[in-house]
Amino acid sequence: MDFRDLVMERYSVRQCDTTREIPEEDMQLILDAAVQAPTACNNQPFRIYRIRSREMRERAEQWYNRAHFRTAREVLLIVGEDAAAYVYPDKENNSLYTDTAIAIAYMQLQAEDLGIGSVWINAFDRPLCARDMGLEMGRETPVALLALGYPLPDATRPTRKRKSMGDLVKTI
Ligand SMILES: Cc1cc2nc3c(=O)[nH]c(=O)nc-3n(C[C@H](O)[C@H](O)[C@H](O)COP(=O)(O)O)c2cc1C
């Protein structure tokens, strides 16, 4: 897809076609988009868990208990590795959230290019997720869930509401 079309057509798909599986080769492309994404100092301070077992999927649905999430065909959990993130010169901040955000955005765009919808989920219960996953908070940070699946055949992209470029961009 033309890149401009990709940017304009992507939207958060919150109702997936539960009858349509995502081909494995497409999942590999989506995951590789995260592998190829840029990170500060090339540290790649994250891991991605593919939630495939019924048991872990049921647990994930407790972390984020929403009807739309239950329609996803694939669920990814992106976990930041705090010690691997690049520490900025102020010594107080690091690149963890920036790096993981870029990787997730790359995966969303790759998915869109394959006709696969996605929704980024941050409003999930992180302590519960960490407990179920055996993650040590502060060392391993659950950053986001990415839910993937084909939009329903009759789905239409919602009207997009955005601030104007003038509101967001200043030439100085
Ligand atoms: C950092 C981040 C966190 C988000 N968390 C959630 C979430 O928890 N649940 C949800 O339904 N959508 C979530 N979204 C999706 C946004 O609501 C959505 O991207 C935004 O409203 C713009 O709509 P669009 O993606 O359709 O263009 C999140 C998006 C981002 C980038």
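**Exercise 1. Place arginine 139 and classify its exposure.**

Step 1. Take the exposure class. Arginine 139 has a relative accessible area of 45%, so it is partly exposed. The cut-offs are these: buried means under 20% relative accessible area, exposed over 50%, partly exposed in between (1.4 Å probe, protein chains only).

Step 2. Know the source. This is a predicted model, in which local features need pLDDT of at least 70 and side-chain atom pairs count only at pLDDT 80 or more, while totals for chains, interfaces and linings use all residues. Residues are numbered from 1 along each chain as its sequence is written, and side-chain values use heavy atoms, with hydrogens and water left out.

Step 3. Find the element. Arginine 139 sits in the loop between helix 5 (126–133) and strand 4. Helices (H or I, at least four residues) and strands (E, at least two) are DSSP runs, numbered from the N terminus.

Step 4. List the partners. Setting aside neighbours within four places in sequence, arginine 139 is in contact with Gly80, Glu81, Asp82 and Ala83. Contact means heavy atoms within 4.5 Å.

Step 5. Check one distance. Isoleucine 30 is 109 residues from arginine 139 in sequence, and their C-alpha atoms are 26 Å apart in space.

**Exercise 2. Describe the surroundings of glycine 117 and glycine 149.**

Step 1. Start with glycine 117. It lies in strand 3 (residues 117–121). Its relative accessible area is 1%, so it is buried.

Step 2. Read its contacts. Beyond neighbours within four places in sequence, glycine 117 is in contact with Val13, Ala147, Leu148, Gly149, Tyr150 and Pro151. Take leucine 148 from that list. It is 31 residues from glycine 117 along the chain, with a C-alpha separation of 5.7 Å.

Step 3. Go to glycine 149. This residue belongs to strand 4. Its relative accessibility is 0%, so it counts as buried.

Step 4. Read its contacts too. Not counting residues up to four places away in sequence, glycine 149 touches Cys16, Ile22, Arg73, Ile116 and Gly117. Alanine 72 is 77 residues from glycine 149 in sequence, yet the C-alpha atoms are 5.3 Å apart.

**Exercise 3. Which kind of aromatic pair do tyrosine 64 and phenylalanine 69 form?**

Step 1. Count the pairs. The structure holds 2 aromatic pairs. Rings of Phe, Tyr and Trp (its six-membered ring) pair if their centres lie within 6.5 Å; planes under 30 degrees apart count as stacked, over 60 as edge-to-face and the rest as tilted.

Step 2. Apply the rule. The ring centres of tyrosine 64 and phenylalanine 69 are 5.5 Å apart, with 85° between the planes. The pair is edge-to-face. Both residues are buried.

Step 3. Repeat for tyrosine 86 and tyrosine 88. Their centres lie 5.9 Å apart and their planes are at 65°, so this pair is edge-to-face. Tyrosine 86 is partly exposed at 30% relative accessible area. Tyrosine 88 is partly exposed at 27%.

**Exercise 4. What is the sign of phi at glutamine 44 and at lysine 91?**

Step 1. Recall the background. Most residues other than glycine have a negative phi.

Step 2. Look at glutamine 44. Its phi is positive, about 45°, although it is not a glycine. Glutamine 44 is in the loop between helix 2 (24–36) and strand 1 (46–51). It is partly exposed, at 31% relative accessible area.

Step 3. Look at lysine 91. Its phi is also positive, near 65°. The residue lies in the loop between strand 2 (74–81) and helix 4 (96–113). Lysine 91 is exposed, with a relative accessible area of 71%.

**Exercise 5. Describe the overall build of the protein.**

Step 1. Count the elements. There are 6 helices and 4 strands. Along the sequence the pattern is α-α-β-α-β-α-β-α-β-α.

Step 2. Test the compactness. The radius of gyration is 17 Å, close to the 16 Å of the globule rule for 172 residues, so the protein is as compact as a globular protein of that length. The radius is taken over C-alpha atoms, and the rule is 2.2 Å times the number of residues to the power 0.38.

Step 3. Add the span and the interior. The C-alpha trace covers about 50 × 50 × 30 Å along its principal axes. Buried residues make up 39% of the 172 residues.
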